[in-house]
Amino acid sequence: MKIFSTITIVALILSACSLTKNSTGKVQYETIQDTESKVLKGIVNRSVLENDTAFAWFTNNMQYGSVDEYALSAFQQKRSEFSIIIFCGTWCHDSQNLIPKLYRLFDKSGYPESKVTLIAVDRQKTTLNGLHTKWKIISIPTFIVVKNGVEVGRVVEYGKTGNMEKELGEIVMGL
């Protein structure tokens with residue numbers, strides 16, 4: 001009976017968690033269905049969020065708000081000089097508000113998707129391959145500006161002033 005219970009529990013865990021691989025067969029992210037929502041863990045991209053009805057918040061929140069003009073100017077002027085790494089939680093309300101806001105800035109400024117690395121964390125704020133440890137992630141969302149592979153600045157959640165976009169614009173303009 002114990003063996004049957006163990007096998008049943010393992011089967012349930014495996015069915016609640018699925019892995020998605022890229023074209024080379026390397027695991028990019030896993031999907032976890034917890035009691036509250038669908039949680040992604042690993043490297044994802046915009047289309048994953050846009051095309052999954054579990055993340056309707058992305059498309060819905062893209063419709064609201066305007067882009068900070070200072071940040072828009074900075075991203076337009078310096079877009080070829082930096083990359084951005086974003087740590088977010090598909091379950092996190094701050095991420096659900098700020099990630100669409102940032103993508104609206106990317107769209108308006110012409111900032112290329114190829115320069116964005118979007119990394120989803122689970123509820124414990126961990127991700128695949130220890131990326132959360134490498135980048136010292138404590139709170140999410142965290143937006144990291146990188147130049148030549150080196151972090152030059154970051155904004156955590158809404159930032160120190162409550163205007164995440166403007167603070168990112170200031171980091172970018174200083175490059």
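## Burial and the Arg 46–Asp 107 bridge

A residue is termed buried when its relative accessible area is under 20%, exposed when that value is over 50%, and partly exposed in between. In this predicted model, Arg 46 has a relative accessible area of 14%, so it falls in the buried class. Its salt-bridge partner is Asp 107, and the closest N and O atoms of the two residues are 2.6 Å apart. Arg 46 belongs to helix H2 (residues 46-50) and Asp 107 to helix H5, so the bridge ties together parts that are 61 residues apart in sequence. Asp 107, at 43% relative accessibility, counts as partly exposed. The bridge therefore joins a buried arginine to a partly exposed aspartate.

## Other salt bridges

The structure has nine salt bridges in total. One of them is formed by the side chains of Glu 36 and Arg 123, with an N to O distance of 3.9 Å. The cut-off for a salt bridge is 4 Å, so this pair qualifies. Both partners are in loops: Glu 36 is between strand S2 (27-33) and strand S3 (38-44), and Arg 123 is between strand S5 (116-120) and helix H6 (131-134). The pair thus ties together parts that are 87 residues apart in sequence. Glu 36 is exposed, at 64% relative accessibility, while Arg 123 is partly exposed, at 29%. A network of salt bridges links these two residues with Asp 34.

A further salt bridge pairs Glu 151 with Arg 154, whose closest N and O atoms are 2.9 Å apart. Glu 151 has a relative accessibility of 33% and is partly exposed; Arg 154 is also in the partly exposed class, with a value of 27%.

## Nonpolar cores

Nonpolar side chains tend to be buried together in soluble globular proteins. The largest nonpolar core of this model has 35 residues, and the most contacts inside it are made by Phe 75, Ile 86, Phe 106 and Phe 143. Helix H5 supplies the largest share of this core, namely six residues. Another core lies apart from it and has 13 residues, among them Phe 87, Cys 92, Val 121 and Ile 137.

With residues up to four places away in sequence left out, Phe 75 touches Phe 82, Ile 84, Leu 105, Phe 106, Ser 109, Tyr 111, Leu 168, Gly 169 and Val 172.

## Aromatic pairs

There are nine aromatic pairs in the structure. Trp 57 and Phe 58 form one that is edge-to-face, with 6.2 Å from centre to centre and 70° between the planes. Both members are buried: Trp 57 has a relative accessibility of 12%, and Phe 58 has a relative accessible area of 0%. The rings of Phe 106 and Tyr 111 lie 5.1 Å apart at their centres, with their planes at 35°, so this pair is classed as tilted. Phe 106 is buried at 3% relative accessibility, and Tyr 111 is buried at 5%.

Ring pairs also join residues into a cluster made up of Phe 55, Trp 57, Phe 58, Phe 75, Phe 82, Tyr 103, Phe 106 and Tyr 111. Phe 75 and Phe 106 belong to this cluster and are also among the residues with the most contacts inside the largest nonpolar core.

## Ser 109 in helix H5

Ser 109 is located in helix H5, which covers residues 93-109. Its relative accessible area is 3%, so it is buried. The side chain of Ser 109 reaches the backbone oxygen of Leu 105 at 2.9 Å. Beyond its neighbours within four places in sequence, Ser 109 is in contact with Leu 72, Phe 75, Gln 76 and Arg 79.

## Cysteines

A disulfide is a covalent bond between the sulfur atoms of two cysteines. The whole structure contains zero disulfides. Why is the sulfur of Cys 88 not bonded to that of Cys 92? The sulfur in Cys 92 is the closest cysteine sulfur to that of Cys 88, yet the two are 8.3 Å apart, which is too far for a bond. The cut-off for a disulfide is 2.5 Å. Both residues are buried, with relative accessible areas of 2% for Cys 88 and 9% for Cys 92.

Conventions: Residues numbered from 1 in each chain as written. Predicted model: local features only at pLDDT ≥ 70, side-chain atom pairs only at ≥ 80, totals over all residues. Heavy atoms only, no water. Helix = DSSP H or I, 4+ residues; strand = E, 2+ residues; numbered from the N terminus. Buried < 20%, exposed > 50% of the residue type's maximum accessible area, 1.4 Å probe, protein only. Polar contact = N/O pair within 3.5 Å; in protein donor to acceptor, adjacent residues only side chain to side chain. Contact = heavy atoms within 4.5 Å. Core = buried A, V, L, I, M, F, W, Y, C linked by side-chain atoms within 4.5 Å. Phe/Tyr/Trp six-rings, centres within 6.5 Å; stacked < 30°, edge-to-face > 60°.
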